[in-house]
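Please take a moment to look over the sequence and the model together before reading on. The paragraphs below lead you through two parts of the structure, one after the other.

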Amino acid sequence: MHVRTLLGTAGLALAAVMAAAPAGAQTPKKGGTLTYMISADASPSFDGHRETTFATVHAVAPYYSVLIRVPPDNPASTTEFVCDLCTELPKPADGGKTYTFKIRPDVKFHDGSRLTARDVAASWNKIVFPPKGVTSARVSYYSMVDKIEAPDDTTVVFRLKRPSAAFLPALADPFTWIYKKEIIDKDPHWYEKNIMGSGPFKFVSYAIGQSIKGQRNPDYYHKGQPYLDAIEGIFAAKQSVRVDAIRGNRAAIEFRGMPPSARDELVKEAGKDIVVQDSDWNCGNIITPNHKKKPFDDVRVRRALALAVDQWKGAPALSKIAIVRTVGGIVFPGSPLAATKEELQQLAGYWPDIEKSRAEARRLLKEAGAEGLKFELVNRNVDQPYKFVGTWLIGEWKKIGLEVEQKVVPTGPWFQAMRTGNFDVVVDANCQSVVNPPLDTGKYLPQKVYPESYGGYDDPKSIELYNTMLAATDPKEQRAAMRAFEKHTLDTEAHAIVAPYWYRIVPARSYVKGWKISPSHYLNQDLANVWLDE
């Protein structure tokens, strides 16, 4: 992770890398309104338990609290967690199977009612054990949880089936907002269309596809915060609109990320008035064939789609125009559990000899009776990097004789198409928060295990391999088990294609202070620690 100040001269100067200012170096100023861009057309719903998109987090996270989180002043940490609603992190008891949290007594919902441990337990039960008809996107993260209880108003107890090192990082997931028990008992779908939490900002208004506004919560329990008087998120799917807004100082920042060209454009024109932070990104596109539609029920066709793609040349070329950079498998590159380049090159879609790979793709298509296949690629109406990745893929597939039409749809219909299976092949994404590979790779499991998996396949072997990996306690054994799960997923069954991982570049007006980048665009988004130096 880097914090950079980029200075524009007659040309474009190289980046000067600066250490982030130590905490406390400047005294935060209170007041002002932060206007920020959200690089989507809208959020599919307001329910963080249901959704997986940044469009939901960037719009709605400032209005909610969570039980624990990554430190706001060190959001890149993968091992450090701090309390939000709890008073201190507990030491696990019962051989690592029981976690008892004490809840702060000074927290109020925005309607003035007191937040208690019963609200926390009810919210977590909705996430871990969703009632019939309710979607919980991350339910598979908590397969180790047996029971969640609130014996009194200040105590929440998580009882696990087995000890798990993955539990605490999963508990820090930024989508796990705490809702009011009384509301979800009456209607577990209420929070899909309404906002009422206990976070640093109170919800004011929402104009569909245009903006969402909030104001400072005077009863916020982290004393002295938030620093801002108000916030306004502006939805804009088009990159040019977002860049123009920041260039013209009509907005101060976009938290998701921009490509190098947009960064360079802003720096060249605004110079020292722009500060850029960048980081590797625990996020990437997954290209998912619909196994329930012919001919994608045939593994030969799915393998051919992967074998046609030149990852090793594609990633460097794309990195010049899009927010992608690193070739990887199902595990975030750089993690101890990630595949090496040599290991990746044994899998379909990563062969070092692209001509040999494409020859095999053509052979498989002929054998499957799918030569000259025509199909539709459903993609999300987000410039970066969805449309760029989709266009690149279509070009790659054309080289083996396939004719592909790209259908770009808004975020809501994109999710709807995936959730209803109304697609041939779709450009999906696997974007996670805290780097936690044993759980991050759950996206590749069948939908009956992982609700936000959209391939439409039933694969008992996949579940078996995943559970073996998840249960492994020896690092070497777990790494070997991860390789077996990865080979089965990407090569043997070719359930998906992993496009190059994204690279996060966040330009901001230099007066924005207090926010720090992380490897995830989901983390550190409640904006309580942001202030304006103007």
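**Paired strands and a pocket**

In this predicted model, strand S10 and strand S11, the latter formed by residues 230-235, run antiparallel and are joined by five bridges. To find one place where these two strands meet, look at Ile212, whose bridge partner in S11 is Gly233.

S10, which covers residues 211-216, also pairs with strand S9, made of residues 201-207, and this pairing is again antiparallel, extending over six bridges. Here Ser205 can serve as a landmark, since its bridge partner in S10 is Lys213. S9 and S10 form a hairpin with three residues between the strands, and in this hairpin Gly209 takes a positive phi near 70°. As you follow the strands, keep in mind that in a regular strand the side chains alternate between the two faces of the sheet.

From the strands we can turn to a pocket. The second largest pocket holds about 600 Å³ of space. It is lined by 25 residues, and those closest to its centre are Ala165, Ala166, Pro438, Ala472 and Gln478.

Which helices each supply at least two residues of this lining? They are helix H13 (437-440), helix H14 (460-471) and helix H15 (475-492), and the largest share, three residues, comes from H15. When the residues of the lining of the second largest pocket are sorted by character, they divide into 14 that are nonpolar, seven that are polar and four that are charged.

Conventions: Residues numbered from 1 in each chain as written. Predicted model: local features only at pLDDT ≥ 70, side-chain atom pairs only at ≥ 80, totals over all residues. Heavy atoms only, no water. 1 Å grid on protein atoms, 1.4 Å probe; cavity = no way out; pocket = protein on both sides within 12 Å on 5 of 7 lines; lining within 4 Å. Points joined across faces, edges and corners; volume = space filled by probe spheres on them. Helix = DSSP H or I, 4+ residues; strand = E, 2+ residues; numbered from the N terminus. Nonpolar A, V, L, I, M, F, W, Y, C, P; charged D, E, K, R; others polar. Pairing = 2+ DSSP bridges.
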